Amino acid sequence: MTTEVDPDYIGMMRETMEGWYSKPRKGWHVTDIALCPRQRVFKQIDPLPITDKELNMYSSGKGIHEAVQHLFMSNPGMFEKEKYVEYGDIVGSIDIFDKKRNSPLEFKTLRSSKIDKPKSFQEEQLRYYMAMQNSHTGYMIYQCLMNFGNDAWRQFKVTMTEEQRRDQLEKLAREIKALAYAMENKDPSLARGVYSDEGLSWMCEDCPYTKECMQMRKAGAAA
Ligand code: SF4
């Protein structure tokens, strides 16, 4: 009697994700610079297999996002989901767009029970979208997954003047230009790392490229 080997269904999901992520993307996306641009370059030139943790983050995040978008899209006259925005060769997609108020809504989940103010890097992403869409008002909407009471949801309003929107577009172009230069040269050390960024340095704790990044920092300091 031959022993049948069980298919690795979870591995199949990881492989599918890997296939998606390995496809080259045309142009630049706001999310390329929303987290760590240096890690983005590492991932491009030295891709690593998708981990179960990444698969977990992807499926739970995607599932919740789609549920929330579904609720908003019961009113298609007022809302649009994944609204496409562009600035030069940089594109973005807004989670939910309030067409009547010209307001982008960015939706995020947190593995915590409360939040008092938007996370700076997430608000920054919203600000890019506001600048690209020329919106003076946008909203961050948070769902606190570890809160099982009646205050699991928070909404924060973000406003921008015309001058701030102009500055934000200039910043976006600058950031993408620096990332593109590092990508062209296949050199992560040319891209900004987030190790000194108060809001994002937590990424370094779990980054698969920490050792290489640290060596680059040391080499940079010694030069
Ligand atoms: S160690 Fe930190 S700064 Fe370096 S690539 Fe990773 S996340 Fe970015």
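1. Just after helix α6, Lys-186 takes a positive phi of about 50°, and this is a fitting place to begin a reading of what is a predicted model. Lys-186 is not a glycine, and most residues other than glycine have a negative phi. The residue is found in the loop between α6 and α7, and it counts as exposed because 11 other C-beta atoms lie within 10 Å, where 12 or fewer is the limit for that class.

2. A second residue of this kind is Asn-102, which also has a positive phi of about 50° although it is not a glycine. Asn-102 is found in the loop between β3 and β4 (103-110), in a hairpin that has 4 residues between the strands. Asn-102 has 14 C-beta neighbours inside 10 Å, and it therefore counts as partly exposed.

3. The strands on either side of that loop, β3 and β4, run antiparallel and are joined by 3 bridges, and within this pairing Ile-96 stands opposite Leu-105 in β4. On the pairing of β4 with β5, the strands run parallel and 6 bridges join them; here the bridge partner of Glu-106 is Met-140 in β5.

4. Helix α6 itself covers residues 162-184, and its 23 residues reach 33 Å from the first C-alpha to the last, close to the 33 Å expected at 1.5 Å a residue. Its buried residues are Leu-172, Glu-175, Ile-176, Leu-179 and Ala-182, a list in which a charged residue, Glu-175, appears. These buried residues pack against β1 (28-29), α2 (31-34), α3 (37-45), β2 (79-87), β3 (90-98) and α5 (120-133). As background to the spacing of such residues, an α-helix has 3.6 residues a turn, so residues three or four places apart point the same way.

5. Which residues have the most contacts inside the largest nonpolar core? They are Tyr-128, Tyr-129 and Ile-176, in a core of 24 residues. The elements that give two or more residues to this core are α3, β3, α5, β5 (137-144) and α6, and the largest share, 6 residues, comes from α5. Leaving aside residues up to four places away in sequence, Tyr-128 touches Val-30, Gly-92, Gln-168 and Leu-172, and of these Leu-172 is also one of the buried residues of α6.

6. Around the ligand there are 13 residues, of which Cys-36, Gly-193, Cys-204, Cys-207 and Cys-213 come nearest. The elements that give two or more residues to this shell are α3, α7 (202-205) and α8, with α3 supplying the largest share, 3 residues. By class, the shell divides into 9 nonpolar, 3 polar and 1 charged; a reader thinking about the cysteines should bear in mind that Cys counts as nonpolar in this division.

7. Helix α8 (residues 210-222), one of the elements in that shell, has 13 residues and reaches 18 Å from its first C-alpha to its last, close to the 18 Å expected at 1.5 Å a residue. The helix is hardly covered, for the count of buried residues among its 13 residues is 1.

8. A last point concerns Asn-56, which lies in helix α4 (residues 52-72). Is Asn-56 buried or exposed? It is exposed, because 10 other C-beta atoms lie within 10 Å. Asn-56 and Arg-14 are 42 residues apart in sequence, while their C-alpha atoms are 10.0 Å apart in space.

Note on methods. Residues are numbered from 1 along each chain as its sequence is written. This is a predicted model: local features need pLDDT of at least 70, side-chain atom pairs count only at pLDDT 80 or more; totals for chains, interfaces and linings use all residues. The expected span of a helix is 1.5 Å times one less than its number of residues. A residue is buried if 20 or more other C-beta atoms lie within 10 Å of its own, exposed if 12 or fewer, and partly exposed in between; C-beta atoms are placed from the backbone. Two residues are in contact if their C-beta atoms, placed from the backbone, lie within 7 Å. A residue is near a molecule or strand if its C-beta atom, placed from the backbone, lies within 6 Å of it. A nonpolar core is a set of buried Ala, Val, Leu, Ile, Met, Phe, Trp, Tyr and Cys residues joined through C-beta atoms within 7 Å. Two strands pair if DSSP finds at least two bridges between them.
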